[in-house]
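Colleague: I'd like to go through this one with you and ask how you justify the labels you use. Can you pull it up?

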Amino acid sequence: MSSEAASHPLSFGGAADSKAASATAVKRLPWYCFAVAFGALCIPLGVLWDISWHSTIGRDTFWTPAHMLIYNGGALPGLLCGWLVLKTTFWGTVEEKARSVRIWGFSGPLGAWVVIWGSVAMITSAPFDDWWHAAYGLDVKILSPPHTLLALGMYGVAIGAWLLVLSWQNRAGEDAPAVQRAGTWLFIITGGVLITMLNIFMTEFSLPNDQRTNTFYQVSCTAYPFYMTILARASKTRWAATKASLVYMAIVAVIAWILPLFAAQPMLAPIYNPVTRMVPPAFPLLLVFPALIVDFLVQTSDRKGSRTALRDAWLAAKVAFAFVAVFLLVQWNFSALLISPAADNWLLIGKNHFGYMARPGEWQHQFWNIDPNARFNNALTPAGAAVALGLAFVASWIGLWRGTGMKAVKR
Amino acid sequence: MNITLHRLAAWFSTIALVVLSANSASAHIGQQNVVFEGAAGPYPIRVIIKAPVVVPGLAEITVRSLAPGVDAVSVLPLRWDTGRKGSPPPDKAKQVKGETDLFSAELWLMTSGAHSVQVTANGARGEHSLLVPINSVATARLGLPRWMGGVLAVLGVLLVALLISVANAAAKESVLEAGEVPSPVHRRRGLAAACVAAGIMAFGIWGGHRWWKAEEQQYLTRQLFEPFQVATSMKEKDGQTVLQLSVDFSKGPSSLLRNVTPLIPDHGKLMHVFAVRTNGFDAMAHLHPVRISQTQFETALPPLPAGNYQLFADVTHESGFSHTMVGGFVIKEATKPDAFTPTDDDDAWKAGASAEGSGFQITMAGASNFVSGTDTGIAIQAFGPDGKPKELEPYLGMLGHAFIMAEDGSVFSHLHPQGNGSMGAAIAFTRREFGTSAAQKLAEEICAPLGADRTLRFPYVFPKAGNYRLWVQAKADAKVETGEFRLTVR
């Protein structure tokens with residue numbers, strides 16, 4: 001490939017007359033990688049905004065800005081990757097085709113295919129969700145079958161974007177530091193997007209008032225170590241899990257600090273909590289602390305080389321133990337601050353994340369489901385913590401295995 | 001949260017409307033519309049609210065000004081336990097194009113239970129409101145339309161096939177250098193990945209199906225409102241036949257339990273029972289059982305012929321939640337007239353030509369070409385044996401009561417000159433929101449005398465076409481007369 005064509009901002013990294021150039025000749029990451037990653041970033045931003053909209057105003061239309069952001073997050077990467085597949089299949093250079101995977105006679109990067117799958121899943125969820133509302137009422141909770149399909153579609157888009165930039169990071173040689181640097185950063189940012197989406201999907205278990213239950217620690221210790229170990233192993237830069245965790249915390253915190261700057265009022269009854277400003281999300285989890293130790297352990301182990309399943313199992317055990325210990329220590333104590341009246345301010349959000357339908361009361365300053373005399377007592381127990389540790393081990397082991405696999409993705 | 005994209009469905013397909021099968025309505029049977037006629041201060045208005053069939057859902061509201069002077073209308077939903085304090089700013093109703101006296105609006109009802117809609121009329125004589133009670137309850141069981149099943153199946157197959165292919169390509173090709181041909185090992189890995197993906201998808205579809213069924217079950221137990229069943233039994237007491245009714249209010253959907261507060265009288269009675277002989281519709285009774293325990297009521301049965309009787313029982317709770325319960329009983333032997341003492345002085349019945357009342361005649365006035373779904377209403381007049389209009393007296397707090405029943409039993413409504421809403425609920429809501437004197441004023445308005453044309457009107461919207469039976473009861477010379485009619489609704 002000629003460097004002239006390769007550096008063209010609208011090129012797919014190759015020129016029509018170039019047949020034998022290597023991918024490393026590309027000096028800049030193709031623009032569509034940025035566009036797809038931007039689309040993926042729009043999804044959690046839109047979802048957080050939409051949750052706030054429903055907690056504050058209640059009433060919405062198809063055209064709310066939050067919805068637009070979500071649609072953009074599905075449509076932009078989906079259309080772009082569809083076009084990328086068609087372009088590569090029918091007008092692609094030999095080189096472009098060579099760094100593609102073939103499905104049903106069409107060629108395109110693996111990430112593009114996953115993005116397309118995600119977009120189709122998001123579209124499928126639309127009529128399903130519409131019917132769901134007609135059959136069971138407009139749902140006011142996150143976890144429903146059509147929302148899960150929508151969420152899977154969103155994950156598809158984000159994971160596809162992740163794989164797309166990952167392949168560029170992995171292919172880029174030392175002669176293309178800009179590609180590697182941009183690919184790595186986009187890999188970390190989309191990793192942070194994925195952690196944010198996971199966190200949003202688990203909101204119903206993860207509010208500060210839930211952070212002394214078995215469920216919270218078990219789902220958190222399964223989900224986050226999985227992504228963190230993948231990031232730590234597959235990234236070509238150090239402290240990737242820490243940086244991705246910071247991306248997650250920045251997304252949630254910035255949204256939480258910006259939204260209340262806008263005045264709004266509920267437009268649906270019953271209003272138990274007459275909010276006057278856009279309701280923010282709860283303060284993010286302090287994932288940066290367990291991520292630091294996950295990064296440290298994985299980097300230290302990987303520097304020694306010679307990865308085997310057994311070595312990874314031992315590493316996963318250390319990661320699991322470290323993650324659970326740090327995460328438990330941090331969230332157990334930090335959540336006590338977050339639910340206290342001292343946190344009811346713009347910085348820590350406190351109880352300000354409760355929407356207009358939440359009846360104000362002392363319950364907002366209490367941990368939930370931990371009363372030993374209650375019918376449903378889900379308080380964290382040593383046995384529950386042991387389960388969380390076991391889940392963290394399995395998730396970390398699989399994460400390390402997948403991280404190794406993702407390190408090898410070239411197409 | 002509603003991260004739905006749900007209106008994309010309108011883009012996705014222009015396919016027909018979903019067919020809803022509403023099994024029952026809020027305070028009546030088979031009736032989704034609440035019709036309420038009253039005075040918002042100096043403005044007489046008629047309000048029709050089409051309640052949503054799922055919760056949260058959208059109520060459609062039309063407001064007709066019955067006299068000139070109303071320039072603008074706004075509507076506001078009030079939940080029984082939060083009232084105006086817990087309500088958003090009112091929604092302005094739009095004036096219907098080409099009409100000067102008709103306004104329409106839509107309102108979200110977000111939670112199950114007793115609500116009222118505050119309708120505010122604005123004009124030269126100021127701003128005045130009235131409250132229309134309405135139940136917000138889920139009544140629909142919606143099947144998946146065939147087209148929707150087809151669309152979802154096609155997209156589902158596409159998603160499954162694509163994911164399996166992606167898994168195959170990921171393991172087989174994505175880890176190869178550019179241009180490298182997959183080796184047999186990579187092909188085998190691809191096949192294994194495809195099998196794993198297929199297994200995960202199969203598990204996901206199975207789990208999703210179970211989850212869907214569990215959600216539906218939760219909807220059925222927590223949300224879906226079906227009329228309470230009244231268990232009946234007969235006993236002999238003081239030489240007469242007594243009908244005993246038993247109802248367990250804790251058997252309703254759990255989302256409504258907070259609304260099932262103690263009963264309050266609706267035009268003076270805790271319960272209004274309407275019983276009709278189903279073979280022939282030739283005998284009916286309007287009775288007012290007395291409560292003998294928290295769950296049991298009883299009433300002496302008037303002299304009715306033997307046969308199967310369908311029973312509808314209207315009650316109103318303190319919350320403003322009003323509903324019609326259903327049941328039935330069999331009279332094996334006709335009750336003897338001389339052995340009957342009414343449990344309540346306002347009990348009234350009619351069996352064939354004989355009736356408890358007499359002395360005047362109730363006739364249908366005005367048009368009788370009824371069309372379903374339209375704001376038609378029913379008009380009646382009462383004449384004495386001399387052919388002159390009869391001076392009607394208040395009966396149960398108003399000048400007349402009407403009962404409408406579809407011959408197939410799918411519709412039942414208890415009507416008053418103010419409509420088919422519970423007057424007890426309207427007064428309870430008005431007392432809560434506007435105070436005792438406003439509630440007393442409303443009670444007086446309910447019993448307003450007839451106009452110059454001596455016609456008693458019952459605003460109503462027939463929910464569907466078919467054959468109906470109508471019974472109208474009015475009182476004159478201290479006697480209650482029952483007029484009986486057969487209607488065909490197009």
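Colleague: How many salt bridges does a search of the whole structure find over all chains?

Modeller: Keep in mind that this is a predicted model. The search gives 27 salt bridges over all chains.

Colleague: What makes A:Asp302 and A:Arg233 a salt bridge?

Modeller: Their closest N and O atoms are 2.6 Å apart. The cut-off is within 4 Å for a Lys or Arg side-chain nitrogen and an Asp or Glu carboxyl oxygen, so the label applies. The pair also links distant parts of chain A: A:Asp302 is in helix H11 (residues 288-303) and A:Arg233 in helix H9 (residues 214-234), 69 residues apart.

Colleague: Are those two partners buried or exposed, and how do you know?

Modeller: Buried means under 20% relative accessible area. A:Asp302 has 17%, so it counts as buried. A:Arg233 has 1%, so A:Arg233 counts as buried too.

Colleague: Why do you say that the pair A:Arg359 and B:Asp81 joins two chains?

Modeller: Because A:Arg359 lies in the loop between helix H12 (309-338) and helix H13 (382-407) of chain A, while B:Asp81 lies in the loop between strand S4 (70-79) and strand S5 (91-92) of chain B. Their closest N and O atoms are 3.5 Å apart, and the limit is within 4 Å, so this is a salt bridge.

Colleague: Why is each of them called partly exposed?

Modeller: Partly exposed is what falls between the buried limit of under 20% and the exposed limit of over 50%. A:Arg359 comes out at 38% and B:Asp81 at 25%, so both get that label.

Colleague: What about B:Lys390 and B:Asp477: buried or exposed?

Modeller: That salt bridge, 2.7 Å from N to O, has one partner of each kind. B:Lys390 has 18%, under the 20% limit, so it is buried. B:Asp477 has 51%, over the 50% limit, so B:Asp477 is exposed. They are 87 residues apart, with B:Lys390 in the loop between strands S22 (378-383) and S23 (401-406) and B:Asp477 in the loop between strands S26 (466-476) and S27 (479-489) of chain B.

Colleague: Which residues are joined into one network by salt bridges that share partners?

Modeller: B:Glu37, B:Arg46, B:Arg64, B:Asp101 and B:Asp375.

Colleague: What makes A:Lys318 eligible for a patch of positive charge?

Modeller: Lys counts as positive, and patch residues need over 30% relative accessible area. A:Lys318, in helix H12 of chain A, has 33%, so it passes that accessibility test. A:Arg238, A:Arg303, A:Lys304 and A:Arg311 gather with A:Lys318 in the patch on the surface.

Colleague: And the nonpolar patch on the surface: which residues form it?

Modeller: A:Val254, A:Trp257, A:Ile258, A:Leu261, A:Phe262, A:Trp346 and A:Leu347, with about 740 Å² of accessible area together. Take A:Val254 in helix H10 (residues 240-258) of chain A: at 39%, A:Val254 is over the 30% cut-off, so it qualifies on accessibility.

Colleague: What does the side chain of A:Ser55 reach?

Modeller: The backbone oxygen of A:Ile51, at 2.8 Å; a polar contact has to be within 3.5 Å, so that distance fits. A:Ser55 sits in helix H2 (residues 31-56) of chain A and, at 18%, counts as buried.

Colleague: Last one: what does the secondary structure of chain B come to?

Modeller: Five helices and 27 strands. Buried residues make up 53% of the 490 residues in chain B, and the C-alpha trace spans about 105 × 60 × 40 Å along its principal axes.

Key: Residues are numbered from 1 along each chain as its sequence is written. Chains are lettered from A and ligands numbered from 1 in the order in which they are written. This is a predicted model: local features need pLDDT of at least 70, side-chain atom pairs count only at pLDDT 80 or more; totals for chains, interfaces and linings use all residues. Side-chain values use heavy atoms; hydrogens and water are left out. Helices (H or I, at least four residues) and strands (E, at least two) are DSSP runs, numbered from the N terminus. Buried means under 20% relative accessible area, exposed over 50%, partly exposed in between (1.4 Å probe, protein chains only). Patches are made of residues with over 30% relative accessible area and no salt bridge: like charges are joined within 9 Å, nonpolar side chains (Val, Leu, Ile, Met, Phe, Trp, Tyr) within 5 Å. Accessible areas come from the Shrake-Rupley method with a 1.4 Å probe; for residues, only the protein chains shown count as cover. The place of a charge is taken as NZ of Lys, CZ of Arg, CG of Asp or CD of Glu. A polar contact is a pair of N or O atoms within 3.5 Å; within protein, one must be able to donate a hydrogen and the other to accept it, and residues adjacent in sequence count only if both atoms are side-chain atoms.
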